[in-house]
Amino acid sequence: QVQLVESGGGLVQAGGSLRLSCATSGRTLSTSAMGWFRQAPGKEREFVAAISRSGGSTDYADSVKGRFTISRDSPKNSVYLQMNSLQAEDTAVYYCAADRYPGSAGYAPSVKDAYDYWGQGTQVTVSS
């Protein structure tokens, strides 16, 4: 049973920063691509960032490029999302996701269907 648990969400003023963490358990996901998605009220879940199993490749949604950074610590089975210069539009529930199957070294998918495991989400609220 694979579990992903997000933490680090909260309330922050516009322009502030937060660091989200995703801890995995149940099996090692060091060979899996991992990603962050978010869902605002009344909207579809959308891609935020992804990182390849090697950590050498990353991908970001245009709306967060230059502000968010995804990273991973494979020995700790964890992935992180550093969020800077937060805006009210970043308010959402943030979800961590992992691919079940090992991909190529540079594989960092941005589509929801590429991911098999999901966390329960952590709320990020940015006040303007």
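In which strand is the place of Glu46? In this predicted model, Glu46 is found in strand E5, which covers residues 46–51. Before following this residue further, it helps to look at the chain as a whole.

The protein chain contains 11 strands and zero helices, so that its pattern along the sequence reads β-β-β-β-β-β-β-β-β-β-β. The C-alpha trace spans about 40 × 25 × 25 Å along its principal axes. The radius of gyration is 14 Å, in agreement with the value near 14 Å that a compact globule of 128 residues would have. Of the 128 residues, 44% are buried. The accessible surface amounts to about 6,200 Å², and carbon and sulfur atoms account for 46% of that area. Contacts often reach across the sequence: among those between residues at least 6 apart, 61% join residues at least 24 apart.

With that overview in place, the charged side chains can be considered. The count of salt bridges comes to four. A network of salt bridges links Arg38, Glu46, Arg67 and Asp90. Within this group, Asp90 and Arg38 form a salt bridge with an N to O distance of 2.9 Å. This pair connects distant parts of the chain, since Arg38 belongs to strand E4 (residues 34–39) while Asp90 sits in the loop between strand E8 (78–83) and strand E9 (92–98), 52 residues apart. Asp90 and Arg38 are both buried.

Asp90 also forms a salt bridge with Arg67, and here the closest N and O atoms are 2.8 Å apart. Again distant parts of the chain are linked: Arg67 lies in the loop between strand E6 (58–60) and E7, Asp90 in the loop between E8 and E9, and 23 residues separate the two. Both members of this pair, Asp90 and Arg67, are buried.

Returning to Glu46, its side chain makes a polar contact of 2.7 Å with the side chain of Arg38. Leaving aside residues up to four places away in sequence, Glu46 touches Phe37 and Arg38. Glu46 counts as partly exposed because its relative accessibility is 36%. Glu46 and Arg67 belong to one network of salt bridges, yet their C-alpha atoms are 17 Å apart in space, with their positions 21 residues apart in sequence.

Another salt bridge joins Lys65 and Asp62, whose closest N and O atoms are 3.2 Å apart. Lys65 has a relative accessible area of 48% and is therefore partly exposed. Asp62, at 65%, is exposed.

What surrounds a charged residue that is buried yet has no salt bridge? Arg72, in strand E7 (residues 68–73), offers an example. The nearest side chain of opposite charge belongs to Asp73, 8.2 Å away. That distance lies outside the 4 Å cut-off for a salt bridge. Polar partners are nonetheless present. A polar atom of the Arg72 side chain lies 2.7 Å from the backbone oxygen of Ser32, and a polar contact of 3.4 Å joins the side chains of Arg72 and Ser74. Beyond residues up to four places away in sequence, Arg72 touches several others, including Leu29, Ala33, Met34, Ile51, Arg53, Val79 and Tyr80. Ser32 is also one of the residues touched by Arg72.

Methods:
Residues numbered from 1 in each chain as written. Predicted model: local features only at pLDDT ≥ 70, side-chain atom pairs only at ≥ 80, totals over all residues. Heavy atoms only, no water. Helix = DSSP H or I, 4+ residues; strand = E, 2+ residues; numbered from the N terminus. Buried < 20%, exposed > 50% of the residue type's maximum accessible area, 1.4 Å probe, protein only. Lys, Arg positive; Asp, Glu negative; His and termini not counted. Polar contact = N/O pair within 3.5 Å; in protein donor to acceptor, adjacent residues only side chain to side chain. Contact = heavy atoms within 4.5 Å. Rg over C-alpha atoms; globule rule 2.2 N^0.38 Å. Areas by Shrake-Rupley, 256 points an atom, 1.4 Å probe, with all protein chains shown as cover.
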